[in-house]
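Here are some notes to read alongside the model. I have grouped them by region, so you can follow each point in your viewer.

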Amino acid sequence: MSGDDDPQEQTIADDLVVTKYKMGAEIANQALKSVVQAATAGISVLSLCQTGDAFIMTEIGKVFKKEKDMKKGIAFPTSVSVNNCVCHHSPLKSDPDITLKDGDLVKIDLGVHVDGFISNVAHSFVVGVTKEAPLTGRKADVLKAAHLCAEAALRLVKPGNQNTQVTEAWNKIAKSFKCSPIEGMLSHQLKQHVIDGEKTIIQNPTDQQRKDHEKAEFEVHEVYAVDVLISTGEGKAKDVGQRTTIYKRDPDKQYGLKMKTSRMFFSEVERRFDTMPFTLRAFEDEGKARLGVVECAKHELLQPFNVLHEKEGEFVAQFKFTVLLMVNGPLRITNGLYEPELYKSEHEVEDPELKALLQSSASRKTQKKKKKKASKTVESATGQPMDETEAAE
């Protein structure tokens, strides 16, 4: 589903599209905050996933109420991956549950879309750490490394730069903390209804991946979900056979499903989620969903988001943000809740170029003149007043 041959493609050149991204981002940021606040020792991972998804669905129901046909909702189901679990852990009620304990390194990943415009966010933290007793050691190293990789990307993902510059910076930063980016992981360009656009940034590629991966230049009016995953280990993520619960429909694949359960399941997927990732937990009858998904996945109508693990005993940290490449500079619309004073590492970035990059400002030149006009356009379209800071951006 390439946007190049689609003359109707809507981009952030349009103020209303920017507003839709920001509305989704606001909900994603608040959902993340609600899950992080609930993530204390003794709480179950399943309940955290349910908390995040329920929050998104409640809040998304409050925007664009008059637009009955507009698709909006979860763009990535809440996932809570602990310690050496890398990503996509979003258990079903029938799966064995995990209870958080003090010292666990927790990654929360979720996404929201308004009219197909996607805002993704992920954040990592260690349960039970306080400013009075900051964390040291390997967990602190990997959290700091991942945070600085995200900060470097915010300064490098801008028009005129190449995706390879980000890959190289990530490798160097991770190395300075004696950590490794997870091999082959991709950050994707986002388009309307497309979570995995064609331009990507690769992490820690193998020699073969380096050859195969397409070099790309970032351009004005593009949007990216920048996803950083760093490990204390070698950075090799494996599928160890844990049940996959998150899937997304592949619009380019077709197949005549044989089983009635599969057909009913697939038509519900099309109706409720279109091409967005979804969790089997979202179906009323989880048993039927688990049955229906098998034939759909076997014939590639659905793509799985497998639960991946690093080696036992290692720790993985993730930060993900969504950035709009505006004319006057990159605008990060989703943010983690990283608190530097909680994590103390004995390592730091030594590379002088990267040090200078990380110390440079990531703030944008505001365009005052367009403010009033933009806010009027958006107000008439959404029926909601736009605040001063939003209009300025």
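A nonpolar core is here a set of buried Ala, Val, Leu, Ile, Met, Phe, Trp, Tyr and Cys residues joined through side-chain atoms within 4.5 Å. Please keep in mind that this is a predicted model.

1. The cores. The largest nonpolar core has 71 residues, and the members that touch the most others are I108, V157, I230 and Y343. Helix 3 (residues 138–156) gives the most to this core, with twelve residues. There is also a second, separate core of 20 residues, and Y21, F117, I195 and M276 are among its members. As background, nonpolar side chains tend to be buried together in soluble globular proteins.

2. Around I108. If you would like one residue to centre your view on, try I108, one of the core members that touch the most others. Leaving aside neighbours within four places in sequence, its contacts are L32, V35, V36, T78, S79, V80, V121, A122, H123 and F125.

3. Helix 1. Does the length of helix 1 (residues 15–38) agree or disagree with the expected span? The end C-alpha atoms are 35 Å apart, and this agrees with the 34 Å expected because 24 residues are counted at 1.5 Å a residue. Helix 1 is mostly covered, with 17 of its 24 residues buried. At its start, a side-chain oxygen of D14 comes to within 2.9 Å of the backbone nitrogen of L16.

4. Helix 4. The same check works for helix 4 (residues 163–176): its 14 residues should span 20 Å, and the end C-alpha atoms are 21 Å apart, which agrees. Its buried residues are N163, V166, T167, A169, W170, N171, I173, A174 and S176. For reading such a list, recall that an α-helix has 3.6 residues a turn, so residues three or four places apart point the same way. After helix 4 comes K178, with a positive phi near 55°.

5. H89. This histidine sits in the loop between strand 2 (85–87) and strand 3 (105–114). Is H89 buried or exposed? H89 is buried, because its relative accessible area is 5%, under the 20% cut-off. Its side chain makes a polar contact of 3.2 Å with the side chain of Q242. Beyond its neighbours within four places in sequence, H89 is in contact with V45, C49, S79, V80, S81, I98, Q242 and V307. S79 and V80 also appear among the contacts of I108.

6. T232. The loop between strand 8 and strand 9 holds T232, and this threonine counts as buried at 9% relative accessibility. A polar atom of the T232 side chain lies 2.8 Å from the backbone nitrogen of F315. Outside its neighbours within four places in sequence, T232 is in contact with R138, V142, K178, C179, E314 and F315. K178 is thus worth showing here too, since it is the residue with positive phi that follows helix 4.

7. T58. In helix 2 (residues 45–60) you will find T58, which is partly exposed, with a relative accessible area of 47%. T58 and E151 are 93 residues apart along the chain, and their C-alpha atoms are separated by 31 Å.

8. Strand pairing. Strands of a sheet pair through backbone hydrogen bonds, either parallel or antiparallel. One open sheet has three strands in the order 10-9-11, with antiparallel pairing. Strand 10 (278–279) and strand 11 (302–305) stand at the edges with a single partner strand each, so one side of each has no neighbour in the sheet. Strand 9 (residues 246–249) and strand 10 run antiparallel and are joined by two bridges, with I246 opposite T279. Elsewhere, strand 6 (residues 186–190) is joined to strand 7 (residues 200–202) by three bridges in an antiparallel arrangement, and H188 stands opposite T200. Strand 6 also pairs with strand 8 (residues 223–231) over three bridges, again antiparallel, where Q189 has Y224 as its bridge partner.

9. Cysteines. How many disulfides does a search of the whole structure find? The search finds zero. For C87, the closest cysteine sulfur is that of C85, and it is too far for a bond because the separation is 6.9 Å, while a disulfide needs sulfur atoms within 2.5 Å. C87 counts as buried at 4% relative accessibility, and C296 counts as buried at 0%.

Definitions and conventions. Residues are numbered from 1 along each chain as its sequence is written. This is a predicted model: local features need pLDDT of at least 70, side-chain atom pairs count only at pLDDT 80 or more; totals for chains, interfaces and linings use all residues. Side-chain values use heavy atoms; hydrogens and water are left out. Buried means under 20% relative accessible area, exposed over 50%, partly exposed in between (1.4 Å probe, protein chains only). Helices (H or I, at least four residues) and strands (E, at least two) are DSSP runs, numbered from the N terminus. A polar contact is a pair of N or O atoms within 3.5 Å; within protein, one must be able to donate a hydrogen and the other to accept it, and residues adjacent in sequence count only if both atoms are side-chain atoms. Contact means heavy atoms within 4.5 Å. Two strands pair if DSSP finds at least two bridges between them. The expected span of a helix is 1.5 Å times one less than its number of residues.
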